[in-house]
Amino acid sequence: MNDVSTILVSAIALTTPLLLAAMGGLLSERAGVFALALEGYMLVGAFLAVIVARDTNAYIGAIAGGIGGMLLAWGFAELSIRLRINQVTAAIGLITLASGATTFFNDVILGKTGTPYQRAPSLPRLEIPLLSDIPVIGQALFAQNILVYIAYGVAAFLAYYLTKSHSGMRLSSVGEAPRVAETRGIPVSTTRNGAVLVSGLLAGLGGAMLTLGILSSFTAGVSGGRGFIALAAIVVGGWRPLSVLFATLMFGTADALQLWMNARGMDVPPEILGMFPYVLAMVALCLFVSHRAPGALGVPFHRELRG
């Protein structure tokens, strides 16, 4: 495999956790609920995926990761939608909880960093006959694990769902003008709850991809801020699924490039290379911050208040 193919394989794999989290966050924000807790969903998903996979297999572990992310999202929905606690405050609280809890149980259950007990089975690669033999791109696009195919499938589905389907347009109307949506018989709180739960499920799968699809292990803080980069991708992509997909590909490719440069032993400190994706996220946010967010993003819905 030449260098270009190696970077492409790595870029597609490293994009997948970002893409899954970003697609979940996109759905939540299109329904009017900030997706600031993505980092927490990913951490919980990554941890539970390893815990379950060690005693079963990687597929069941990945499912457990998705469920773990969804459970934390349920807590966020209860706080922000039902109790109407400030969404930023609720998200910060849950991220702190997820970080502390996974670090604590990592030490208690899996042992300190570096012990062999942290290893977990990897998701197997699923090669698609003939297509995986295409030069340069074959291994990158058609010889990945199942979460990679699911991530890109979800992006394609949401591109159709949010723009062409009646249900998707109803969800978007809740994020743009919830009062109007309610007068048309759309259950605003139920729709927002569903979107937040799905965001937790997808971000949890993104965490599982990190631990079972890339690292085959869990370490404290393994998500490394990827939930926030996914959030940046949503803004850079202007809350449109395909644009968000390309934004995550940009960040994933930057990550792959810095790993490749590090592996090649280039005369650049690894700490500087590791900063590359985060610096890119900040630059992209500065360039694309003018995109219009959903009209009611972050605005609590009070059914009893009628204006």
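## Elements and model

Helices (H or I, at least four residues) and strands (E, at least two) are taken here as DSSP runs, numbered from the N terminus. The structure is a predicted model.

## Packing of α1 against α9

Helix α1 covers residues 3-30 and helix α9 covers residues 188-215. The two pack at an angle of about 170°, and their axes lie 7 Å apart. Angles over 145 degrees count as roughly antiparallel, and α1 and α9 are therefore roughly antiparallel to each other. On the α1 side the contact is formed by A13, L14, T16, P17, L20, A21, M23, G24, G25, L27 and S28. On the α9 side it is formed by A195, V196, V198, S199, L202, A203, L205, G206, M209, L210 and I214. By class, 16 of the residues in this contact are nonpolar and 6 are polar, with no charged residue.

A195 belongs to helix α9 and has a relative accessibility of 2%, so it counts as buried. Apart from neighbours within four places in sequence, A195 is in contact with L27, S28, A31 and L171. Of these partners, L27 and S28 also appear among the α1 residues that make the contact with α9. A195 and L27 are separated by 168 residues in sequence, while their C-alpha atoms are 5.8 Å apart in space.

## The largest pocket

The largest pocket holds about 250 Å³ of space. Its lining consists of 16 residues, and those nearest the centre of the pocket are L14, R226, D255, Q258 and Y278. L14 is also one of the α1 residues in the contact with α9.

Two or more lining residues of the pocket come from each of α1, α9, α10 (226-236), α11 (241-263) and α12 (270-288). Helix α11 gives the largest share, 5 residues. Sorted by class, the pocket lining comprises 10 nonpolar, 4 polar and 2 charged residues.

## The largest cavity

Over the whole structure, a search finds 1 cavity of 30 Å³ or more. The volume of the largest cavity is about 60 Å³. Its lining is made up of V33, S80, I81, Q87, S189, R192, P300 and F301.

The elements giving two or more residues to this cavity lining are α3 (58-82) and α9. In terms of class, the lining has 4 nonpolar, 3 polar and 1 charged residues. Helix α9 thus gives two or more residues to the cavity lining, as α9 does to the lining of the largest pocket.

## Positive phi outside glycine

Most residues other than glycine have a negative phi. V136 is not a glycine, yet its phi is positive, at about 70°. V136 sits in the loop between β1 (126-127) and α5 (138-142). With a relative accessible area of 38%, V136 is partly exposed, because that class takes in values between the 20% limit for buried and the 50% limit for exposed.

S216 is another residue other than glycine with a positive phi, here near 60°. S216 lies in the loop between α9 and α10. The relative accessibility of S216 is 8%, so this residue counts as buried, the cut-off being under 20%. The two residues thus fall into separate classes, with V136 partly exposed and S216 buried.

Conventions. Residues numbered from 1 in each chain as written. Predicted model: local features only at pLDDT ≥ 70, side-chain atom pairs only at ≥ 80, totals over all residues. Heavy atoms only, no water. Axes fitted to C-alpha atoms, helices over the stretch in contact; angles between N-to-C directions. Parallel < 35°, antiparallel > 145°, perpendicular 65-115°, else oblique. Contact = heavy atoms within 4.5 Å. Nonpolar A, V, L, I, M, F, W, Y, C, P; charged D, E, K, R; others polar. 1 Å grid on protein atoms, 1.4 Å probe; cavity = no way out; pocket = protein on both sides within 12 Å on 5 of 7 lines; lining within 4 Å. Points joined across faces, edges and corners; volume = space filled by probe spheres on them. Buried < 20%, exposed > 50% of the residue type's maximum accessible area, 1.4 Å probe, protein only.
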